[in-house]
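Student: Could you take me through one part of this model slowly, the sheet and whatever packs around it? I'd like the geometry spelled out.

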Amino acid sequence: MKKVTVIGSGSWGTALAVMLAENGHEVFIWSRRQDAVDELLKERTNKKYLPGVVIPDSIQATTDRKEAVDGADIVILAVPSRAVAQTVRDFAPYLKTWQILVNVAKGLEPETLFLLSDVIKREAPQCEVCVLSGPSHAEEVARKVPTACLIACENEAVAKLVQEEFANPRFRLYTNTDLIGVEIGAALKNVMALAAGMSDGLGFGDNTKAALMTRGMAEMKRLGMAMGGKAETFAGLSGIGDLIVTCTGIHSRNRRAGILLGQGKSLQETLDEVKMVVEGVNTVQAACQLAEKYHVSMPITQSIYAVLFAGKNVEDAVLELMTRDNKAE
């Protein structure tokens, strides 16, 4: 049995805490909100982010950073991508060299265009850093729906250690050492899910969504490889697997946001209605900058940016994509 601390009390952090407690680990959840801690401890629920799921009595919760990570073998970072840097900075004084940090956020740092693993290494260089990725809705993991994900780390031995501690008959984990490919796939699939949702919101069909997903994957792969990632990573769970679940799933926030945008809602109206972080919105600007930096063609990504931030009409964006110059696949 190991002590595992989950930083963040959102849906994914809570789902992982529940799963790891059932694996037999000593689990702590840290939240910045005292009311969230009180609900977890007294009511054994997280009604806002994971309604209907019972929190095991063995799980502890706290707002105290030192108490949360003291003695933890594995620390899971389950906060939105935009909060990763500051969160790790706040916890860094309490983190030890032997502790493993597992990031589950999917995105990029907009100011530097860094992968989140690089952000974490910058703020807590004393720790090993892993990334948990793949097709995994928190709502389903918490309810023990069979799920397969991957754990990526440059140190394969560390990845295998986390694999052993996290895996169970309902949660299968594969290891991977290609952090670049894994993180680019994880970040950009949210952008493509916005596009897939817009297609649904406009009333288009399966043909359109299949085309968007396929050509979107081509963009993700081109950028990832230009940055040093491996082609085969994009054919795996953090590439095509995560793309499928995020573009088609009923639990996908990014797809839901895209549907609202396709129905004519403004970006602010969309975010107000979804009420949770829509990572694709935060990622698309950085993705466009990376495309320019690495001289990679990413027309779908650039069209999404134009809709979100340049006032382009969604139907006009679709027309422009469909009438680009003919080319070979």
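Tutor: Let's start with a helix. This is a predicted model, and in it helix α7 (residues 156–166) lies across β4, β5, β8, β9 (147–152) and β10. Its direction runs at about 180 degrees to that of β10.

Now the sheet under that helix. It's an open one with 8 strands and mixed pairing, and the order reads β3-β2-β1-β4-β5-β8-β9-β10. The edges belong to β3 (60–62) and β10 (171–176); each has a single partner strand, so one side of each is left without a neighbour in the sheet. On average, neighbouring strands are turned by 25 degrees against each other, if you ignore direction.

Zoom in on one pairing. Strand β1 (residues 3–7) and strand β4 (residues 74–77) run in the parallel sense, joined over 4 bridges. For a concrete spot to click on, take Thr 5: its bridge partner in β4 is Val 75. A second helix, α5 (residues 116–123), also packs on the sheet, where it touches β4, β5 (100–103) and β8 (128–133). The direction of α5 makes about 155 degrees with that of β8.

Next, the rings. The count of aromatic pairs comes to 2. One joins Trp 30 and Phe 91: the ring centres are 5.1 Å apart and the planes stand at 85 degrees, and since anything over 60 counts as edge-to-face, that's the label here. Trp 30 sits in strand β2 (residues 26–30) while Phe 91 belongs to helix α4 (residues 84–91), so this contact ties together parts that are 61 residues apart in sequence. Both Trp 30 and Phe 91 are buried.

Phe 91 has a charged visitor as well: Arg 65 lies over the face of its ring, at 5.8 Å from the ring centre. There's another such arrangement at Phe 28, where the charged end of Lys 3 sits over the ring, 4.4 Å from its centre. Lys 3 falls in the residue range of β1 (3–7), and Phe 28 in that of β2 (26–30).

The other aromatic pair is Tyr 305 with Phe 309, and this one is tilted, at 5.3 Å centre to centre with 45 degrees between the planes. Both residues lie in helix α14 (residues 299–309), 4 residues apart, about one turn of the helix. Tyr 305 is partly exposed at 31% relative accessibility, and Phe 309 is partly exposed too, at 34%.

Methods
Residues are numbered from 1 along each chain as its sequence is written. This is a predicted model: local features need pLDDT of at least 70, side-chain atom pairs count only at pLDDT 80 or more; totals for chains, interfaces and linings use all residues. Side-chain values use heavy atoms; hydrogens and water are left out. Rings of Phe, Tyr and Trp (its six-membered ring) pair if their centres lie within 6.5 Å; planes under 30 degrees apart count as stacked, over 60 as edge-to-face and the rest as tilted. Helices (H or I, at least four residues) and strands (E, at least two) are DSSP runs, numbered from the N terminus. Buried means under 20% relative accessible area, exposed over 50%, partly exposed in between (1.4 Å probe, protein chains only). A charge sits over a ring if NZ of Lys or CZ of Arg is within 6 Å of the ring centre and within 35 degrees of the ring normal. Two strands pair if DSSP finds at least two bridges between them. Axes are lines fitted to C-alpha atoms, for helices over the stretch in contact, and angles run from 0 to 180 degrees between N-to-C directions. Contact means heavy atoms within 4.5 Å.
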